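Biologist: Please choose a single part of this model and take me through it closely, keeping to what can be read from the coordinates. I would like one connected account, moving from the part itself to its surroundings.

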Amino acid sequence: MEKFSQFRDRGSGISPFMPSPAPTPSLLSTLSGPLIFLLRLPFFVLYTISYFLLLPLLPSPLRKLLLWGFFALTGTWWSDLQLDGVKRGSLSQQPPSRIPRGGTVIAANFTSPLDAVYLAAVWDCVFVQSFPGSRQVRRLSLWQAISLALSPRQLAGPPAGDSEKLTTIAQLLKDYPTRAIAVFPECATTNGKGILPLSPSLLTVPSSTQIFPLSLRYTPVDDTTPVPGGVKVWLSFLWKLLARPTHCIRIRIGEGLVNTVGASNGVSHGESSGVDVRERQEGGDGELTAEEQRLLDKVAETLARLGRAKRVGLTVEDKKNFVKAWEKRRR
């Protein structure tokens, strides 16, 4: 993989865009995989089509309940949920302000199509697509949020010449006051080993709204989809999803942060992240102030700590170049 060494982070040596290797299959899983896939496939297709056709007609509680059917069909289990700084077994004792809820923002890492399914099943989120260097976002349906993790659209900038499709998180909080807003501020998927520089879209969140960093990790590790693509990428993910007996999700939720100008949100003015994010952000809606940069640093640091990952200096532009080199290698 010497050809891709240029896409390793200089500080940590991490390559966040490289697909994770599949675990070595046992003889039993090799023989049973095709059978499990064939048994699940018709039910999965029928369930998926029915759900998205009926989605506009379903009330929120029923939408969330039915999404757990996807996890049951694919053997995906919510295996481990923890709140940062809270001891195991004491989750029920925590106040409502300690977890995401309607009227708050979830800033999640972006690694798999399952990210959006889980967030929708638990919080019935409003999803948005963030863009590097832009404070504006694009509203996404659940299907668009799922497919974004597999699509090259994640590497595109804001839609040119169609500003009506763009909005801000602040405006969406007004439009949907009873629902949580889910943001993937890295803008593009990774293999979960690194946290990319964050989009400034989070900076439009008002000071009265909490931002919850949330980390999702998967077992097997190759459930992540760092390389987007066409039909082959979709079929490969579908095979892994349906042919394996089980998948596990590990969830970590950080403490709510507040976007208060002039406040450090727990980050001292002298703390160094090891990555000069401001230098690497592409494009922009103007230079970030020190206070704004500290908020993005705090969210990124929390995501990295929760996910046992490292912050990296590689950007979405670097990922575009990686995908081009990866596609040439596969030809």
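**A close look at β3**

Modeller: β3 and β4 form a hairpin in which six residues lie between the two strands, and within that turn Gly 133 has a positive phi of about 75 degrees. This is a predicted model, and what follows should be read in that light. β3 covers residues 126-130, while β4 covers residues 137-140. The two strands run antiparallel and are joined by four bridges, with Phe 127 standing opposite Leu 140 of β4.

The hairpin partner is accompanied by another pairing, since β3 also pairs with β6 in the parallel sense, over three bridges. β6 spans residues 181-183, and Val 183 in β6 is the bridge partner of Val 128.

As to burial, β3 is mostly covered, with five of its five residues buried. In a regular strand, side chains alternate between the two faces of the sheet. In β3, one side carries Val 126, Val 128 and Ser 130 and the other carries Phe 127 and Gln 129, and all of these are buried, which leaves both faces of the strand covered.

The approach to β3 also deserves attention. Asp 124 lies in the loop between α3, residues 114-123, and β3, and its phi is near 50 degrees, a positive value in a residue other than glycine. Asp 124 has a relative accessibility of 7% and therefore counts as buried, the cut-off being under 20%.

Beyond β6, the chain continues into the loop that leads to β7, residues 194-195, and Cys 187 is found in that loop. Cys 187 is likewise a residue other than glycine with a positive phi, here near 80 degrees, and because its relative accessibility is 3%, it too counts as buried.

A further backbone feature, outside β3, is the cis peptide bond that joins Thr 219 and Pro 220, with omega about 5 degrees; Pro 220 is found in the loop between β8, residues 210-219, and α6, residues 231-243.

To set β3 in the whole, the protein has nine helices and eleven strands, and 52% of its 331 residues count as buried. Among contacts between residues at least 6 apart in sequence, 81% join residues at least 24 apart. The protein exposes about 15600 Å², of which carbon and sulfur atoms supply 58%.

Terms used
Residues numbered from 1 in each chain as written. Predicted model: local features only at pLDDT ≥ 70, side-chain atom pairs only at ≥ 80, totals over all residues. Heavy atoms only, no water. Buried < 20%, exposed > 50% of the residue type's maximum accessible area, 1.4 Å probe, protein only. Contact = heavy atoms within 4.5 Å. Areas by Shrake-Rupley, 256 points an atom, 1.4 Å probe, with all protein chains shown as cover. Pairing = 2+ DSSP bridges.
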